[in-house]
Amino acid sequence: MKKLLLLLAMAIMVIGLVAGCGKSADNGGGDKKSGTIGFSVSTLNNPFFVTMKEGVEAQAKALGLKVKIVDAQNDPAKQANDISDLLESGVSVLIINPVDSAAISTSVEAANAKNIPVITVDRSADKGKVVAHIASDNVKGGEMAAQLIVDKVGKAAKVAEIEGIPGASATRERGQGFHNVADKDLTVVAKQSADFDRTKGLNVATNILQANPDVQAIFAHNDEMALGAIQAAKSAGKTIFIVGFDGTADADKAVKDGTLAATIAQQPDQMGKIAIDTAQKVIKGEAVEANIPVDLKIVTK
């Protein structure tokens, strides 16, 4: 009888251990669903991306999600290293705002190899699997900028284009949209890259205006370069119709002041919010749209 009771007790212990193991596995699944999100932002030296980061942080806090944010400082090599660290840290989802759409491909493929889902924001990746891309229609925005110049300055107006970072999808797409209209209805006398940077925008615009004193309008691929172009025009004593792209707070102020003719406004805070919402769906195993558009609007005085 004692032997039978001993065997029965041992059987109960084994059943308890098996049940405990099953419970632990369930908890592991639950932890994965509340896992950390990695966010690599191209630069925090630009108000547009600061606002995007704030949108990410605010929505992550609202949803009770943990997010690790790293700043690539507009350096593709640093972004690659930052993302490698995020992948090694075991993030559940990776959100990337690429510095360079071609250079980021290797990092996306590294995430793919680890089965870590990737979401891109504002700028796309040329290669690798991305579960969702969140962005405004940059081609349409470039077309809107060119058409505004046609409408306000006139057909065949002499215009200069200040381009963003070579290799960034936003640079290619905004330029493509601009030329869809400008090549038919405007006279593009100069174009040069200023890497989405205000100081470089000032220097490039200064050089363009010196070489082309009859320029009537400038389209800059972002507001930072447009604000630099405003300084260049002021120093040259010229009144130039300048259009930027992004809709940052500084650009809005310049539009109200009358120094910036217009900006094609995006919603970086909404991009950040949507990125976190999308990441949460991915973590939960829910289906997401491959391309998620964010509305654009023209802001003028």
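Here are some notes on the fold, one helix, the aromatic pairs and two buried residues.

1. First, a reminder that this is a predicted model. The protein has ten helices and twelve strands, and buried residues account for 48% of its 301 residues. If you take contacts between residues at least 6 apart in sequence, 71% of them join residues at least 24 apart.

2. Helix H2 is a good place to start looking. It covers residues 47-63, and at 1.5 Å a residue its 17 residues should span 24 Å; the end C-alpha atoms are 24 Å apart, so the expected and modelled spans agree. At the start of H2, Asn-46 brings a side-chain oxygen to within 2.9 Å of the backbone nitrogen of Phe-48. Just after the helix, Gly-64 has a positive phi of about 70 degrees.

3. How are the buried residues of H2 arranged around its axis? The buried set is Phe-48, Phe-49, Met-52, Lys-53, Gly-55, Val-56, Gln-59 and Ala-60. Viewed down the axis they fall within an arc of 155 degrees, so they line one face of the helix. As background, an α-helix has 3.6 residues a turn, so residues three or four places apart point the same way. Lys-61 and Ala-62, on the other side of H2, are exposed. Note that Lys-53 is in the buried set, whereas Lys-61 is exposed.

4. What packs over that face? The cover for the buried residues of H2 includes strands E1 (37-41), E2 (67-71), E4 (118-121) and E9 (241-246), along with helix H10 (268-283).

5. On to the rings, where the count is two aromatic pairs. One is Phe-48 with Phe-49, an edge-to-face pair with 5.1 Å from centre to centre and 90 degrees between the planes. Both Phe-48 and Phe-49 are buried, and both belong to the buried residues of H2.

6. Phe-178 and Phe-219 also form an aromatic pair, this one stacked, with centres 4.9 Å apart and 25 degrees between the planes. Phe-178 lies in helix H6 (residues 169-185) and Phe-219 in strand E8 (residues 217-220), so the pair ties together parts that are 41 residues apart in sequence. Phe-178 counts as buried because its relative accessibility is 0%, under the 20% cut-off. Phe-219 is buried too, at 0% relative accessibility.

7. His-221 deserves a look as well. It is found in the loop between E8 and helix H8 (223-235), yet at 0% relative accessibility it counts as buried. Its side chain reaches the backbone nitrogen of Gly-164 at 3.3 Å. Beyond its neighbours within four places in sequence, His-221 is in contact with Glu-161, Ile-162, Glu-163, Gly-164, Thr-171, Arg-174, Gly-175, Phe-196 and Phe-245.

8. Two of those contacts of His-221, Arg-174 and Phe-245, also meet each other: the charged end of Arg-174 sits over the ring of Phe-245, 3.9 Å from the ring centre.

9. Last, is Leu-209 buried or exposed? Leu-209 sits in helix H7 (residues 198-211), and its relative accessible area is 4%, so it is buried. Setting aside neighbours within four places in sequence, Leu-209 is in contact with Val-215, Ile-218, Ala-232, Ala-233, Lys-238 and Ile-240. Of these, Ala-232 is 23 residues away from Leu-209 in sequence, with 8.0 Å between the two C-alpha atoms.

Key. Residues are numbered from 1 along each chain as its sequence is written. This is a predicted model: local features need pLDDT of at least 70, side-chain atom pairs count only at pLDDT 80 or more; totals for chains, interfaces and linings use all residues. Side-chain values use heavy atoms; hydrogens and water are left out. Helices (H or I, at least four residues) and strands (E, at least two) are DSSP runs, numbered from the N terminus. Buried means under 20% relative accessible area, exposed over 50%, partly exposed in between (1.4 Å probe, protein chains only). Contact means heavy atoms within 4.5 Å. Rings of Phe, Tyr and Trp (its six-membered ring) pair if their centres lie within 6.5 Å; planes under 30 degrees apart count as stacked, over 60 as edge-to-face and the rest as tilted. A charge sits over a ring if NZ of Lys or CZ of Arg is within 6 Å of the ring centre and within 35 degrees of the ring normal. The expected span of a helix is 1.5 Å times one less than its number of residues. The arc is that of the directions from the helix axis to the C-beta atoms. A polar contact is a pair of N or O atoms within 3.5 Å; within protein, one must be able to donate a hydrogen and the other to accept it, and residues adjacent in sequence count only if both atoms are side-chain atoms.
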